[in-house]
Each structure stands twice: as C-alpha cells, then as structure tokens.
Amino acid sequence: MPEGHTVHRIANSFNQNFAGQKVRISSPQGRFTDSSLVSGKRLVVAKAHGKQLFLPFGKPIIRIHLGIYGKWSFQDFKSEAPAPVGEVRARFQISNHLADLRGPTVCEVIDQDEMNQLLSKLGPDPLAGDTTGQSFEKFISKVQASSRTIAELLMNQSVVAGIGNVYRAELLFRAKVNPFVPGKKISGEVLTAIWEDATKLMPIGVQTGMMLTREGFLKGAPQLEDRYYVYKRAGEKCRECGGKISMELLASRKLYFCKRCQK
Ligand SMILES: [Zn+2]
C-alpha cells in the first residue's frame with residue numbers, strides 16, 4: 001500500500017501539471033459517475049494529508065484514497081491523447097498532459113465541510129510542514145493516551161497520518177524502541193525523536209520516490225534489499241548488532257524488528 005510520501009508526490013505532480021488549469025475529467029471505466037460535476041473546472045491546489053489526496057475544483061473537491069491496489073500514471077502527449085488502457089476509473093486531461101487513476105478504494109466528490117470533517121479525524125502528517133509544533137504535540141498526546149502498542153499506533157491514521165508498514169518498522173528501529181510497548185509507556189522525549197525522524201525521512205521519500213531510511217544510501221537508487229534496516233529482512237543479520245531480524249504478525253500486518261536492538 002502506498003505510504004504518505006507517494007500521495008504527496010502525486011499532489012506535487014498535480015500542482016506542477018494541472019493547477020490553475022481547466023481540466024477535462026472523465027471515467028473511461030464508467031464507475032466515477034460524478035466526473036461530470038467537476039469536468040471543465042479549474043484545479044485550485046492539490047493537497048495531500050497522509051494517504052488522502054484532495055483535488056479542489058472550486059467548491060467541489062475530489063477525494064482519492066488509493067487503498068491497496070490504486071495507481072496513478074501521468075503522461076505527456078502531443079496532439080491526441082492516447083486511448084485509456086485497462087480499467088481507468090478517472091482520467092484528468094489538459095491539452096498536452098493526462099493523469100489516469102486505476103483501482104482506487106475511493107474516488108468521490110465531496111464539499112469543503114466534508115473535507116474538514118475528514119481532516120479533523122486524521123492525525124497530524126509529518127509531511128504537512130507544520131512549524132508551530134502543534135502537530136507533534138497532538139501526535140504525542142494521542143500516543144500517550146493509548147494502551148495499544150506503539151507499532152499499531154504508528155499505523156493508525158487517526159494518530160499520525162501517512163506512515164505505513166515500511167516507515168513504521170524503520171522509524172522504530174532507528175529510535176531503538178520495542179514495537180510492543182504501549183503508547184502510554186513511551187516518554188515524550190522518545191516520541192519527539194520519532195516524530196522528528198519522520199519529518200526528516202519522509203521528505204526524502206517525496207523527493208526521490210524511494211523510502212530510504214539508511215544514512216549513506218541517500219544518493220542514487222540503491223537496491224531494495226539495501227534500503228532498509230529491518231523491513232522485509234526477517235531472518236537476516238541486523239546491520240547494527242548482527243542478531244537475527246524478527247517478523248511477527250500484528251493486527252494482521254507484518255512487523256519487522258530486531259529483538260536485541262529494540263529492547
Ligand atoms: Zn540489532
């Protein structure tokens with residue numbers, strides 16, 4: 001499932017290619033029946049929060065959540081747009097550029113009130129660029145109010161928005177925090193460090209499109225198996241202590257960690 005950095009990259013793409021322009025919106029597959037409500041309107045500014053993408057066309061706003069299978073493809077073209085390939089839920093098109101959306105969990109038209117309501121239910125997003133510190137205070141108080149494990153809380157979009165399975169595992173390893181500790185038992189200092197680390201790592205994901213979490217691997221495009229400390233490395237040697245990386249199912253998601261480093 002795409003993590004928050006992917007959705008922020010898509011918002012950036014929309015802002016570079018479509019913002020300020022009248023966009024033709026269609027549903028080649030026929031399932032986005034509200035496309036006619038927004039087609040021909042001007043895109044204001046695309047906004048991502050966690051895994052949610054909002055495309056405001058004046059009053060109507062398109063909300064998109066990719067879910068597990070959703071995918072975007074962006075394409076330049078010269079005179080005529082290429083025919084849609086596969087099940088395209090929504091096509092966004094201007095004179096020389098198009099974006100096709102396939103397989104999202106949600107693609108719907110909402111209004112500002114509904115968007116505000118949705119945002120109020122989401123936790124702060126480390127990529128939202130909040131410099132007031134309110135976001136991380138909200139994050140800390142939500143975590144410390146819960147007796148669920150920190151591993152579950154980091155994936156809970158109402159606690160913090162945008163973190164998925166990869167960043168969850170890597171952030172906890174980097175902080176040397178045991179993933180099974182309940183949120184309420186973790187100090188503000190440790191949670192501040194995790195938040196700050198997320199605000200440092202996730203923008204690299206937005207910039208490069210890769211979840212790079214190891215220092216020294218921030219240039220070029222390292223192989224998948226070199227990118228992470230623990231994610232998808234069950235049974236392999238821990239890069240720090242040499243012990244074996246563990247994998248356990250937690251809330252039916254695979255959780256990777258090092259028992260020795262994360263006591
Ligand atoms: Zn280790």
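Which strands do the buried residues of helix 3 pack against? In this predicted model, the partners are strand 2 (47–49), strand 3 (52–56), strand 4 (61–65) and strand 8 (106–110). The buried residues of helix 3 (residues 112–121) include Met-115, Leu-118 and Leu-119. These three lie on the same side of helix 3 because they cover an arc of only 100° around the axis. The face turned away from that buried side carries the exposed residues Asp-113, Ser-120 and Lys-121. At the N-terminal end, helix 3 is capped by Asp-111, which places a side-chain oxygen 3.2 Å from the backbone nitrogen of Asp-113.

A zinc ion offers another site to explore. Its ligands are the SG atoms of Cys-238, Cys-241, Cys-258 and Cys-261, at 2.2 to 2.4 Å. The 4 donor atoms make angles of 100 to 115°, and the site is tetrahedral. Along the sequence, the donor residues follow the spacing C-x2-C-x16-C-x2-C. Within this set, Cys-238 and Cys-258 link distant parts of the chain, 20 residues apart: Cys-238 sits in the loop between helix 8 (224–227) and strand 9 (245–250), while Cys-258 belongs to strand 10 (residues 253–258). Both Cys-238 and Cys-258 are buried.

Finally, a look at helix 1 (residues 4–17), where His-5 is found. His-5 counts as buried because its relative accessibility is 3%, and buried means under 20%. The side chain of His-5 makes a polar contact with the side chain of Thr-6, at 3.5 Å. Leaving aside residues up to four places away in sequence, His-5 touches Leu-127, Tyr-167, Met-202, Gly-205, Val-206, Gly-209 and Met-211.

Key
Residues numbered from 1 in each chain as written. Predicted model: local features only at pLDDT ≥ 70, side-chain atom pairs only at ≥ 80, totals over all residues. Heavy atoms only, no water. Donors = N, O, S within 2.8 Å, 3.2 Å for Na, K, Ca; no water. Tetrahedral: all angles 85-135°; square planar, octahedral: opposite > 155°, others 65-115°. Helix = DSSP H or I, 4+ residues; strand = E, 2+ residues; numbered from the N terminus. Buried < 20%, exposed > 50% of the residue type's maximum accessible area, 1.4 Å probe, protein only. Polar contact = N/O pair within 3.5 Å; in protein donor to acceptor, adjacent residues only side chain to side chain. Contact = heavy atoms within 4.5 Å. Arc of directions from axis to C-beta.
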